[in-house]
Amino acid sequence: MSIVKINVLSVPAEQREVLEKRFASRAGVVESSDGFEWFELLRPVDGTDNYLVYTRWRDEASFEAWMEGPMKQAHQGGGDQPPADRPKPAASASTVWSFEVVQQTGPKTTGA
């Protein structure tokens, strides 16, 4: 079964729009990665500053390949910007949670 990685990002209220725009500008990048299955950016609504970045992968090796390749390049400004010119991170802290999918289901379909 798949693995799930949830990156918990602490994002101050004044940085929320910045974070969401940065993710929107990278839309389409992760989708072409081998082993990628799903992505969701979850905005907090219950008084916390924690955004959740949910990704699902075929296996740990696929996630690691993403981390060492495209993700690393994206977080380094693609290598085309000197460190001093890169934008300041929108999140003040980050923690990654890892899970194995042991059960899953989808909506039931009704026959017509």
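1. F39 is partly exposed, with a relative accessible area of 32%. The model in which this residue is examined is a predicted one. A search of the whole structure yields 4 aromatic pairs. In one of them, the ring centres of F23 and F39 lie 6.0 Å apart with the planes at 20°, so the pair is stacked. The two partners belong to distant parts of the chain: F23 is in helix α1 and F39 in strand β2, 16 residues apart. F23 counts as buried, at 19% relative accessibility; the value for F23 falls within that class because buried means under 20%.

2. The ring of F23 has a further partner in R26. The charged end of R26 sits over this ring, 5.1 Å from its centre.

3. A second aromatic arrangement involves W57 and F63. Their ring centres are 5.9 Å apart and the planes stand at 70°, so this pair is edge-to-face. W57 counts as buried at 0% relative accessibility, and F63 likewise counts as buried, at 10%. F36, W57, F63 and W66 form one aromatic cluster.

4. Two members of that cluster, W57 and W66, are also contacts of S33. S33 is found in the loop between α1 (16-25) and β2 (36-42). Leaving out residues up to four places away in sequence, S33 touches W57, W66 and P70. Is S33 buried or exposed? With a relative accessible area of 13%, S33 is buried.

5. The strands may be considered next. An open sheet is formed by 4 strands in the order β2-β3-β1-β4, and the pairing is antiparallel. β2 and β4 occupy the edges with a single partner strand each, so one side of each is left without a neighbour in the sheet. From one strand to the next, the twist averages 15°.

6. Helices pack on this sheet. α1 touches β1, β2 and β3, and its direction makes about 20° with that of β3. Helix α2 (residues 60-68) packs on the sheet as well, touching β1 and β3; the direction of α2 makes about 40° with that of β1.

7. How is β1 paired within the sheet? With strand β3 (residues 50-57), β1 pairs in the antiparallel sense over 8 bridges. Strand β4 (residues 93-100) is also joined to β1 by 8 bridges, and these two strands run antiparallel. Of the 8 residues of β1, 6 are buried, so the strand is largely enclosed by the rest of the structure. S10 stands opposite N50 in β3.

8. V8 illustrates the setting of β1 at the level of one residue. V8 lies in strand β1 (residues 3-10) and is buried, with a relative accessible area of 9%. On the β3 side, V8 stands opposite L52; in β4, the residue opposite V8 is T95. Apart from neighbours within four places in sequence, V8 is in contact with N50, Y51, L52, A93, S94, T95 and W97. One of these contacts, S94, is 86 residues from V8 in sequence, yet the C-alpha to C-alpha distance is 5.5 Å.

Conventions:
Residues numbered from 1 in each chain as written. Predicted model: local features only at pLDDT ≥ 70, side-chain atom pairs only at ≥ 80, totals over all residues. Heavy atoms only, no water. Buried < 20%, exposed > 50% of the residue type's maximum accessible area, 1.4 Å probe, protein only. Contact = heavy atoms within 4.5 Å. Phe/Tyr/Trp six-rings, centres within 6.5 Å; stacked < 30°, edge-to-face > 60°. Lys NZ or Arg CZ within 6 Å of the ring centre and 35° of its normal. Pairing = 2+ DSSP bridges. Axes fitted to C-alpha atoms, helices over the stretch in contact; angles between N-to-C directions.
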